[in-house]
Amino acid sequence: MNSGHDHYTPQPYDPYAEDDFTWSHSDGQAPRAPQTPQAQEGYEYDDQYYAHPQQHEQYAGAVPQQPHGQHEDQPTYALRTVQYQQVPDDEPGYHIPETPEAGWDMAASRRRAWVSRAVLLCIMAVQAALSLRLSNTAFQDEALYLAAGHAQLDHLLGGTELPRDYAAYFSGSPQLYPLLAAIVDAKFGLAGARTLSLFFMLCTTGLLYSFSRRLFNERAALAAAALFAVLQSTVVMGYFATYDAAAVFLLALTTWIVVRTDRAPVIAVLLAAPVGVLAVGVKYASALYLPTIVVLALLTAWPHKGGKAFVRMVVLALGIGGLLAAGMYTTDLMAGVRQTTTDRPHGTDSVEFLLEQTAKWGGLMFLAAVGGAISYVRRSRMNESPLALRLGSPGWRWRALLGLVLCGTAVLAPAYQIHLGTVVSLFKHVGFGLLFAAPMAGVGVTRLVGAHFRYPQLGIMLWTAVLCLGIQQADWRFDIWPNSTKMINAIESHVDSKGAYLASTPEVPVYYLYDKSSHSQWHSLFGMEYKDAKGKYYGGDEAYKAAVKAGKFDLIVLDGLTNPRVDDIVAAATKGNSHYRLLAEIPFRNANGTSEYRIWIKTS
């Protein structure tokens with residue numbers, strides 16, 4: 001116990017202190033405590049304590065205790081005074097960093113370039129896998145072009161006479177793609193020729209990425225390539241030994257040159273002219289897309305060259321026009337151009353049917369392109385990059401024209417085939433147009449996903465839908481013609497270089513039995529002329545009847561699919577005919593159901 005007076009000393013912030021008690025004046029001196037009856041009875045505050053301040057300092061370090069008597073409590077410590085640092089009101093202690101409006105930086109960097117290229121390689125790997133999984137024997141168009149290529153090769157190397165005037169009815173020059181494909185086929189077979197088409201389509205996807213990146217940015221370019229890579233037309237043309245893959249590649253290369261030379265001297269655009277003309281030579285229908293490329297020469301250069309961009313467009317148009325004119329009038333290809341392109345006979349397919357097929361084969365991607373074009377007109381900057389805020393914009397009219405040109409190109413082929421009333425080759429031509437609409441489709445996907453990949457599920461859903469449709473449609477496309485392996489095995493021993501043969505699809509046996517027969521020995525079911533032994537002339541259906549009745553053909557092969565009406569006429573002519581006997585009936589299944597090969601062989 002303390003020997004001093006039994007009393008309690010209040011401290012600052014003491015919960016037992018009086019609320020109105022002041023502990024110090026401005027000069028630091030402690031005041032004298034007032035005398036109250038309660039203090040005299042319970043707490044013995046006296047003058048002696050306040051007269052000696054040093055006692056206060058000595059006692060401050062001790063533990064104060066409650067007085068005895070009525071308040072027998074445990075000792076209680078006074079609370080210590082805590083000094084707080086004052087923070088100015090105008091300077092907050094913590095600053096929240098500003099969130100960038102977008103997550104992509106448009107500044108070039110090695111890391112960004114390699115990441116984009118890696119994603120592009122993944123897209124191209126998916127495209128290659130989708131094409132390589134397709135399998136069937138040669139389609140009649142593939143067989144025709146490969147057989148013609150071999151004939152052209154023999155003509156060039158050995159002087160052998162051509163069995164047919166291929167230039168008169170081919171929809172592309174027989175001296176270009178067929179010759180190249182035949183060289184590959186001679187070494188690696190049908191799989192090699194189809195792989196050549198895959199190479200062209202993979203290059204097309206890479207070029208699409210490159211010029212879409214030049215027009216917009218990496219995100220739009222990758223989205224465009226991803227959508228284009230899984231389309232039915234892309235997947236099928238990537239493993240289809242026809243000149244379509246080579247033609248679309250050359251169109252993509254022409255577009256790439258035009259876009260990449262937008263800031264170069266005006267004369268540099270002429271580099272695209274021979275490539276564009278070569279595309280037309282490979283497939284005449286490619287000329288439908290040359291006006292789009294010429295207009296792109298103007299639009300891509302306008303932000304950099306202003307009025308000089310018109311000169312650039314005129315220079316390219318004159319270059320392409322001059323080369324086309326020279327090619328047409330120095331070769332014998334005009335007959336093929338008229339027959340397969342300009343004067344092509346009209347079909348009977350309805351407008352509703354053609355629109356339905358077009359929407360099914362490319363509708364989703366076209367809608368994405370239209371959405372991207374509308375969004376781009378409303379807001380020019382690419383919201384994927386914060387630096388886009390500082391980009392100059394050529395104006396909404398320029399953006400609207402660019403969107404109209406790119407999206408409008410996708411409807412050129414469907415519109416022309418609606419005019420012709422035919423669905424033949426439409427699935428391939430849809431892909432030609434979507435090559436040009438793809439950059440706008442990429443913009444549409446990036447706007448759908450949003451900045452910072454806010455809604456990635458929407459872009460994934462769109463791509464997955466296009467992928468599923470592409471797989472299903474490509475599988476169906478490769479299954480619409482029958483597997484001809486058993487048929488070829490059945491007729492191989494009965495074919496030689498002297499006989500005359502009739503077949504529903506003569507191109508297939510001509511290709512597979514090229515070393516045993518030539519194209520001139522085979523006749524199709526699409527038009528025939530015949531003169532009998534007495535000199536009487538027959539044409540059309542009567543020609544088939546008269547020729548079969550006279551035993552003109554050493555072998556007849558019908559599939560019941562290619563031209564069922566004429567098949568029935570020929571089959572009826574063999575009944576009771578002593579010249580023929582049924583060699584084999586080979587059933588097969590295709591995408592449209594079941595049928596069979598019927599093979600007759602001449603007996604006398």
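Which residue forms a salt bridge with Arg213? The partner is Glu218, and the closest N and O atoms of the two are 3.0 Å apart. A salt bridge here is a side-chain nitrogen of Lys or Arg within 4 Å of a carboxyl oxygen of Asp or Glu. Before we go on, please keep in mind that this is a predicted model, in which local features need pLDDT of at least 70 and side-chain atom pairs count only at pLDDT 80 or more, while totals for chains, interfaces and linings use all residues. Residues are numbered from 1 along each chain as its sequence is written, and side-chain values use heavy atoms, with hydrogens and water left out.

Let us look at how the two partners sit. Arg213 has a relative accessible area of 36% and is partly exposed, whereas Glu218 is buried at 7%. The cut-offs are these: buried is under 20% relative accessible area, exposed is over 50%, and partly exposed lies in between, with a 1.4 Å probe and protein chains only. The pair also belongs to a network of salt bridges that takes in Arg112.

Arg112 leads us to helix α4, residues 110-132. Helices are DSSP runs of H or I with at least four residues, numbered from the N terminus. With 23 residues, α4 reaches 32 Å from its first C-alpha to its last, close to the expected 33 Å; that expected span is 1.5 Å times one less than the number of residues. Arg112 is one of the buried residues of α4, which also include Ala113, Leu120, Ile123 and Met124. The helix's buried residues pack against α6 (177-215), α7 (218-229), α8 (232-237) and α18 (456-477), where contact means heavy atoms within 4.5 Å.

Helix α6 brings us to another pair. Asp262 forms a salt bridge with Arg214, with the closest N and O atoms 2.9 Å apart. This one links distant parts of the chain: Arg214 lies in α6, Asp262 in the loop between α9 (244-260) and α10 (272-282), and 48 residues separate them. Asp262 is buried, with a relative accessible area of 5%, while Arg214 is partly exposed at 29%.

Further along the chain, Arg565 and Asp541 form a salt bridge with their closest N and O atoms 2.6 Å apart. Here too the pair links distant parts of the chain, joining helix α22 (residues 564-574), which holds Arg565, to helix α21 (residues 541-549), which holds Asp541, 24 residues apart. Arg565 is partly exposed at 49% relative accessibility, and Asp541 is partly exposed at 27%. In total, the structure holds ten salt bridges.

Notes
Helix = DSSP H or I, 4+ residues; strand = E, 2+ residues; numbered from the N terminus.
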